[in-house]
Amino acid sequence: MKLGVYNAILHDRSLPEALKVISDLGLGAIEINTGGFLPATHVPTMDDILVSDAARDDFLALFEGTGVVIGGLNCNGNPLHPNAIIGDKHGEDVKRSIRLANRLGQHRVVTMSGLPASEPGSKHANWIVNAWNSDALDVLEYQWGVAGAYWSEVDKLARDMDVKVALELHPQNLVFNPASMRELVKRTGVTNIGVELDASHLFWQQMDPVAVVRNLGPLVFHSAAKDVRVNPHAAIEGVLDNSFRRLGADEPRTNLGGDEWANEWPKPAAWDFVAVGKGHDAQYWAEFLKALYEVDPNMFVIIEHEDTSLGRIEGLEFAAKVLLEAADIAGIKPE
């Protein structure tokens, strides 16, 4: 098992500087963003790497002697978005990331299943939260058709490239829990598409990540370590609170593709992303690591830092300390 860091939080510095940060934390892997919602900041020569052995070798040389290896590529986005400006780009980014992984000797690409529109011709993605009525099931049937066509094509490419594609179980995606993952497999017969087990999005839905790992077993290909704190306000609004504020063009905001932007988090919040250990203690994370180790002793577990109360390095230091303590409790010695 290797513990590492998702590089998005370190996009403010060069790749060599990011690798030193990770090494100084006592961790041994970096998951590198290669498109989708975020730019491939640390792989500026991606187009060259895809065709040039010299460019590939120059990139891989940056890791030599650092004690840090590549722990997968990340291309989170919405490859099924009905707006072609977003969907086509994210969809191609996933395929390009698979080809890049093959070029770099990697075997894991992390992404999301995506979310289509509710019907042909619609411009907006539509997440069916609770399909209690027949109309919602009709929408899902259409969406599974769209998803099946795309992911069957991606699965073939992944097999050809000797890559496993790990879908993050993320709300506002067609695949967001074990049942929907199994539905994708059942409808398509995919063999190289499974799950990236990010504990955080399970916590706030009141799921138990340890139970989910054991339920999915070999469908878990990869993992992310991010924590959640459920706040007292959840008793009032529940965890599906939609009190988000649209940020103006003159405010700092994150583009998600096309003219879509991340909104400001609800205040007060029903729940928040926090550093590993601020929502669940090291003993819990030890059980999480043990469950992952049972599935695959070579599993990568990657810290994703989105705790807005902590600085970039401060949050990584806090999370790394707890995760390393958890590994010690679990009797797992990270490689």
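Helices in this tour are DSSP runs of H or I with at least four residues, numbered from the N terminus. The model on display is predicted.

**Stop 1: helix α6**

Select residues 178-188, which form helix α6, and show the side chains of Arg187 and Glu183. These two residues are four apart in the helix, about one turn. An α-helix has 3.6 residues a turn, so residues three or four places apart point the same way. The two side chains meet in a salt bridge, with an N to O distance of 2.6 Å. Arg187 is partly exposed, its relative accessible area being 37%.

Next, pick out Pro178, Ser180, Met181 and Leu184, which are buried in α6. The partners against which the buried residues of α6 pack are α5, β5, β6 and α8. Just after the helix comes Gly189, which has a positive phi, near 70°.

**Stop 2: the barrel**

Display the strands β1-β2-β3-β4-β5-β6-β7-β12, which in this order make a closed barrel of eight strands with parallel pairing. From one strand to the next, the twist averages 30°. Strands of a sheet pair through backbone hydrogen bonds, either parallel or antiparallel.

Begin with β5 (residues 164-168) and β6 (residues 193-198), which run parallel and are joined by four bridges. Within this pair, Ala166 is found opposite Gly194 of β6. Now add helix α5, residues 134-160, which packs on the sheet and touches β4 (108-111), β5 and β6. The direction of α5 makes about 140° with that of β5.

Proceed to β7 (220-225) and helix α8 (residues 209-216); the helix lies across β6 and β7. Relative to β6, α8 runs at about 165°. β6 and β7 are paired in the parallel sense over four bridges, and the bridge partner of Glu196 in β7 is His222. On to β12 (residues 300-303), which pairs with β7 in the parallel sense over three bridges. Here Ala224 faces Ile302 in β12.

How many of the residues of β7 are buried? Six of the six are, so β7 is largely enclosed by the rest of the structure.

**Stop 3: Ser97**

Select Ser97 in helix α4, which spans residues 84-103. Is Ser97 buried or exposed? Its relative accessible area is 0%, and Ser97 is therefore buried. Leaving aside residues up to four places away in sequence, Ser97 touches Thr34, Leu73, Cys75 and Val109. Thr34 is 63 residues from Ser97 along the chain, while their C-alpha atoms are separated by 6.2 Å.

**Stop 4: salt bridges**

The model contains 23 salt bridges. Side chains of opposite charge can pair when their charged atoms come close.

Go to helix α3 (residues 53-61), where Asp53 and Arg56 are three residues apart, or about one helical turn. Their side chains meet in a salt bridge at 3.6 Å, N to O. Asp53 has 42% relative accessibility and counts as partly exposed. Extend the selection to Asp57 and Arg103: together with Asp53 and Arg56, they are linked in a network of salt bridges.

Then centre the view on Asp12 and Arg312, whose side chains also meet in a salt bridge, 3.6 Å from N to O. This pair links distant parts of the chain, with the two positions 300 residues apart. Asp12 is in the loop between β1 (2-6) and α1 (15-24), and Arg312 is in helix α11. Asp12 is partly exposed, at a relative accessible area of 42%. Arg312 is likewise partly exposed, at 36%.

**Stop 5: helices α10 and α11**

From Arg312, keep α11 (residues 312-330) in view and add α10 (residues 282-295). The two axes come within 8 Å and cross at roughly 65°, and the crossing is right-handed. To see the contact, select Ala282, Gln283, Trp285, Ala286, Leu289 and Lys290 on α10, with Val322, Leu323, Glu325, Ala326, Ala327, Ile329 and Ala330 on α11. Which kinds of residue make up the contact of α10 with α11? There are 10 nonpolar residues, one polar and two charged.

Definitions and conventions
Residues numbered from 1 in each chain as written. Predicted model: local features only at pLDDT ≥ 70, side-chain atom pairs only at ≥ 80, totals over all residues. Heavy atoms only, no water. Axes fitted to C-alpha atoms, helices over the stretch in contact; angles between N-to-C directions. Left-handed = near helix turned anticlockwise from the far one by under 90°. Contact = heavy atoms within 4.5 Å. Nonpolar A, V, L, I, M, F, W, Y, C, P; charged D, E, K, R; others polar. Pairing = 2+ DSSP bridges. Salt bridge = Lys/Arg side-chain N within 4 Å of Asp/Glu carboxyl O. Buried < 20%, exposed > 50% of the residue type's maximum accessible area, 1.4 Å probe, protein only.
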